[in-house]
Amino acid sequence: MPAKANVIELEQDLAFQKREWRVNLLTWFALLVMMAACVLGLFGHGPLSSAEVSEPSSFFRVEYERFLRYGSASRLRIHARADATGSLRLSLGQTMVERFELRGITPGPDTAEAGPNGIEYRFAGAPGADVVIEIDVVPIARGSVHARLGSADSELAFRQFVYP
Amino acid sequence: MDTVFRALAIYVILLFVLRGSGKRSLSQITTFDFVLLLILGEATQQALIGDDFSVTTGILLIGSLVGIDMTLAFLKDQSALLHRWLEGTPLIIVDHGAPLTDRMQRSHVDESDILAAARERHGLERMDQIKYAVLERSGGISIIPS
């Protein structure tokens, strides 16, 4: 029961008030930790979030963000090499097609073909040239995403997490 | 479905952050507190509606927020403990003209705040004219003159 002060009728409770002050301190600490985590990129857009996956045997490499936010745009930067005919194939796994809205691809592909395992894009370039392709995506589903990107015979798999 | 969960998430987060930050944080005492409140409102709005500007979403959001608030009010009536945690308790910070400095420090109140409240509401000039100053649940300071 809250102790009533002697003269003034007041629902003052010092024991509770001390607990509340402790909670205030904890909240302050938690907010500082959250801010630090945000700066470091635990919620996306920072050093902890930037990641890269590559195939040691090829020139196929993807720069991506580990942590994304629902509805907030993110960019995949793909490094690949065109084949001897100057053609470059890039396939996006079905999970990516389902869980991301594709906002744009730079440079634009020559063709896009939908298949049971996702979308395959074809780009034309100089034979054997190293090409950088940027894909802007917006997550439209929350939670963990197992993304797959393929080029020629190689495939890269990586995991991203989409915050609500 | 999404709208209700958004409303619930934002309501709960705001409740935790604002209650957790103490009585004085957003009691609109200073100009900056007021500005902070406006910015919070703006940030909250974006998270609540996203890019859906339909009237239906607006109606659902208003209904959800008021519904959550009414449910919480009901639960507070049922549980004194919950009521205390959600609303806080008042605290005496000046007792017969003597400032209780430890309580004031921990509540982020200084003597000038108390004297300002005493001047504004009762035209008092000095601390010894104050019988009690109470830091209310709302974060405001009420003065009982001696």
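Which residue stands opposite Arg77(A) in β4(A)? Glu63(A) does, and the legends below start from that pairing. Please keep in mind that this is a predicted model throughout.

**Figure 1. Strand β4(A) between two partners.**
This view follows β4 (74-81) of chain A. On one flank, β2(A) and β4(A) run antiparallel and are joined by three bridges; here Glu63(A) is found opposite Arg77(A). β9(A) also pairs with β4(A) in the antiparallel sense, this time over eight bridges. Look there for Arg75(A), whose bridge partner in β9(A) is Asp136(A). The two faces of β4(A) are worth a moment: Ser74(A), Leu76(A), Ile78(A) and Ala80(A) make up the covered face, while Arg75(A), Arg77(A), His79(A) and Arg81(A) make up the uncovered one.

**Figure 2. The largest nonpolar core.**
In soluble globular proteins, nonpolar side chains tend to be buried together. The largest nonpolar core here has 22 residues. Those with the most contacts inside this core are Val62(A), Leu76(A), Ile78(A), Ala80(A), Leu90(A), Ile133(A) and Leu149(A). Two or more residues come from each of β2 (61-65), β4 (74-81), β5 (87-93), β9 (130-139), β10 (143-151) and β11 (154-163) of chain A. To get your bearings, centre the view on Leu149(A): not counting residues up to four places away in sequence, Leu149(A) touches Val62(A), Ile78(A), Leu90(A), Leu92(A), Gly93(A) and Leu156(A). A second, separate core has 14 residues, among them Leu91(B), Ile93(B), Val94(B) and Ala117(B).

**Figure 3. Gly71(A) and its surroundings.**
Gly71(A) sits in the loop between β3 (67-69) and β4 of chain A. Is Gly71(A) buried or partly exposed? It has 14 C-beta neighbours inside 10 Å, so Gly71(A) counts as partly exposed. Leaving aside neighbours within four places in sequence, Gly71(A) is in contact with Val138(A) and Pro139(A), and also with Gly50(B) from the other chain. Phe100(A) is 29 residues away from Gly71(A) along the chain, with 9.2 Å between the two C-alpha atoms. For the wider setting, the contact between the chains takes 15 residues from chain A and 14 residues from chain B. The chain A side of this contact has seven nonpolar, five polar and three charged residues.

**Figure 4. A cis peptide bond in chain A.**
Most residues other than glycine have a negative phi, and most peptide bonds are trans. The bond from Thr106(A) to Pro107(A), however, is cis, with omega near -5°. Pro107(A) belongs to the loop between β6 (100-106) and β7 (111-115) of chain A.

**Figure 5. Two histidines with positive phi in chain B.**
His96(B) is not a glycine, yet has a positive phi of about 50°. This residue lies in the loop between β1 (91-95) and β2 of chain B. His96(B) has 10 C-beta neighbours inside 10 Å and therefore counts as exposed. His108(B) also has a positive phi, of about 60°. His108(B) is in the loop between α5 (101-106) and α6 (111-122) of chain B. With 15 C-beta neighbours inside 10 Å, His108(B) counts as partly exposed.

**Figure 6. The open sheet of chain B.**
Four strands of chain B form an open sheet, ordered β2-β1-β3-β4, with antiparallel pairing. β2 (98-99) and β4 (141-145) of chain B each have a single partner strand, so they stand at the edges with one side of each lacking a neighbour in the sheet. Five bridges link strand β3 (residues 130-135) of chain B to β4(B). Among the residues to pick out is Ala133(B), whose bridge partner in β4(B) is Ile143(B).

**Figure 7. Domains of the two chains.**
Chain A is assigned domain 1 (1-40) and domain 2 (50-163), and their centres are 49 Å apart over C-alpha atoms. In chain B, the division is into domain 1 (2-87) and domain 2 (91-145), with 29 Å between the centres. Five residues of domain 1 of chain B are in contact with eight residues of domain 2 of chain B. The domain 1 side of that contact has no nonpolar, two polar and three charged residues.

How values were computed:
Residues numbered from 1 in each chain as written. Chains lettered and ligands numbered in written order. Predicted model: local features only at pLDDT ≥ 70, side-chain atom pairs only at ≥ 80, totals over all residues. Domains from an automatic or database assignment. Contact = placed C-beta atoms within 7 Å. Nonpolar A, V, L, I, M, F, W, Y, C, P; charged D, E, K, R; others polar. Core = buried A, V, L, I, M, F, W, Y, C linked by C-beta atoms within 7 Å. Buried ≥ 20, exposed ≤ 12 C-beta atoms within 10 Å, placed from the backbone. Pairing = 2+ DSSP bridges.
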